[in-house]
Amino acid sequence: MINIILTSCAVAIVSILIGGFIGYSIRKNKWEKAVKNAQKDADHIIAAAQAKVEAAQKEVTRQEQMASSLKKNAEDTKKEKILEAQEQIHKYRERIDTELNERRQEISKQENRLLQREDAIDRKDNLLDQKDAKLTQKEQQVKQLQVKVSEREQQAEDLIAQRQEKLYEVGKLSQAEAKKIILDNLSDQLITERAELIKESNEEVKAKADRFAQKVIIDAIQSSAADTVSEKTVAVVNLPNDDMKGRIIGREGRNIRSFEALTGVDLIIDDTPDVVVLSGFDPIRREVAKRALERLIKDGRIHPARIEEMVDKARKEVNDDIYEAGESALMELGIHKMHPELVKLLGRLKYRTSYGQNVLAHSIEVGKLTGVMAAELGLDEKIAVRAGLLHDIGKSIDHEIEGSHVEIGVELARKYHESDVVINAIAAHHDDVPKLSFIAELVVAADTISSARPGARSESLENYVKRLEELETIAKGHQGVSQAYAIQAGREIRVMVEPDKISDARTIILAREIKKQIEANMEYPGNIKVTVIREKRAVAIAK
């Protein structure tokens, strides 16, 4: 029984122990699972936290990079702004310096002008002072002459009284006879004095006339001046490269033949790099050819049909320029009505030169000079300007029509109903026919002034030197001439003669002989002044 109880107790104890162990094991497993789960949760939480930390670190790094980039960009922007500001400051300074320099130059120019004006005013004051002094001196001289005249009149009256007394005493003449003798003597004296007065008056009138003529011519010359140009029969056209020469020539030369046939100008292509030459005596054709060739070179398409098109365009353009040049000349001179064909012919003179002088510019200048001189002399200024402008109109087509430019100009003026005064001025401006009006004389004078003034027409050095040598040779060929000097660009020859061989009266004859020989043997523009100088010197040396 006891054994059973003990056994039962043992069984119970063992059961309890086993149950406790089993329970412990179960709880242990639960605890371990809970620990594992807690560990996993902790690992997950730690991993998440680490991920967040890494993300935060990356974000911080990115933010730092962005901040660094922004800082760098800000620094670059700052530098750029500083550079821009410095550049703007530099430009502003340069602009300010330029403006200051311009203002300084302008101020300097104004100061120079003021100084020049002051000098001119001072010179005028000096001249006025000199004139005042001369007037005062002349007044004093006049007063002295009046005193002398009064004294001489008194002396004359005394002499007359003495002669009367002598006549009464010696000749025992009547009063009537004595009066007649005295009056005859006085009449002879008066005639002599009257002749002297007439001579002085004539000389004074001549001097005044010369001064007036000089003033008229000087005023006319100062109103206009024309440029000197080079007279040419060729025109040079630049090429972009030498390959263009082959394209201009074309296959078997068809392009160049077509170009020359359409323009009437020779196209010369040689070894000169990057240029071709247009040769022709007609300046208008040469201008048309030059413009057409320049258009073809620029366009690049060169073939006969294109050449014909470009030549037509260039011809139309040149014709328009010719008419505009004619109208501009009329506007410049204030001429309002003229036949359109005459306007075209006038414009053609723009492309014509004579001795290096542009004929249109020369014609405009002659018109201005003639008008100014006509206005000074009280003549019809409008007719004078018209005659001066049209005096060389024949040169516009003298390459195309036979005859001199004077004959052609007269025919054109008649054809387009110009006045008889204008026609006569054209016909007489080279002394081919008599001048029928003062305006014709003025046209000749203006033509001479415009063409013969220094620098108006070009002249080769060889011809210039030859003309000077020929002048001196003509002068030295006369007997009694010691030296001869051509001066003022050949417009004056000064002849020094030996005083022992040539008298004062002979110098006048010598000057005329030299003048006639120059006129007969030389061709020259304008006038040549011959001055013969005779000087007698006596030299003694004291020792």
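Two strands are taken to pair if DSSP finds at least two bridges between them, and the strands discussed here, in what is a predicted model, are described on that basis. Strand β2 (residues 266-268) and β3 pair in the antiparallel sense, with three bridges between them, and within this arrangement I268 has V277 of β3 as its bridge partner. The two strands β2 and β3 form a hairpin in which six residues lie between them, and D274, located in the turn, adopts a positive phi of about 65°. Strand β3 also takes part in a pairing with strand β1 (residues 234-238), to which it runs antiparallel and is joined by five bridges; here N238 is matched with V275 as its bridge partner in β3. Because four of the five residues of strand β3 (residues 275-279) are buried, this strand is largely enclosed by the rest of the structure.

Among the helices, α6 (residues 304-333) comprises 30 residues and reaches 44 Å from its first C-alpha to its last, which is close to the 44 Å expected at 1.5 Å a residue. Just after α6, a positive phi of about 75° is found at G334. Helix α6 also contributes E332 to a salt bridge with K368, in which the closest N and O atoms are 2.8 Å apart. This pair links distant parts of the chain, since E332 belongs to helix α6 and K368 to helix α8 (residues 359-377), the two residues being 36 residues apart. Both partners are partly exposed, E332 with a relative accessible area of 45% and K368 with a relative accessible area of 22%.

In total, 20 salt bridges are counted in the model. One of them joins the side chains of E411 and R414, at 3.9 Å from N to O, a value that falls within the 4 Å cut-off applied to such pairs. These two residues are three residues apart in helix α10 (residues 405-415) and are therefore separated by about one helical turn. An α-helix has 3.6 residues a turn, so residues three or four places apart point the same way. A further salt bridge is formed between the side chains of K501 and E498, with an N to O distance of 3.3 Å; of this pair, K501 counts as exposed at 59% relative accessibility, whereas E498, at 28%, counts as partly exposed. Salt bridges also link E287, R291, R295, E317 and D321 in a network.

The loop between α13 (461-476) and β6 (481-487) contains H478. This histidine is buried, with a relative accessible area of 17%, a value that lies under the 20% limit used for buried residues. When residues up to four places away in sequence are not counted, H478 touches L510, E513, I514 and Q517.

With regard to enclosed space, two cavities of 30 Å³ or more are counted in the model, and the largest cavity holds about 70 Å³ of space. The lining of the largest cavity is made up of D282, P283, I284, R348, R352, K395, S396, I397, H399 and E400.

How values were computed: Residues are numbered from 1 along each chain as its sequence is written. This is a predicted model: local features need pLDDT of at least 70, side-chain atom pairs count only at pLDDT 80 or more; totals for chains, interfaces and linings use all residues. Side-chain values use heavy atoms; hydrogens and water are left out. The expected span of a helix is 1.5 Å times one less than its number of residues. Buried means under 20% relative accessible area, exposed over 50%, partly exposed in between (1.4 Å probe, protein chains only). Contact means heavy atoms within 4.5 Å. On a 1 Å grid over the protein atoms alone, a cavity is a set of points where a 1.4 Å probe fits but cannot get out, and a pocket is an open set with protein on both sides within 12 Å along at least five of seven lines; lining residues have an atom within 4 Å of a point. Grid points are joined across faces, edges and corners, and a volume is the space filled by probe spheres set on the points.
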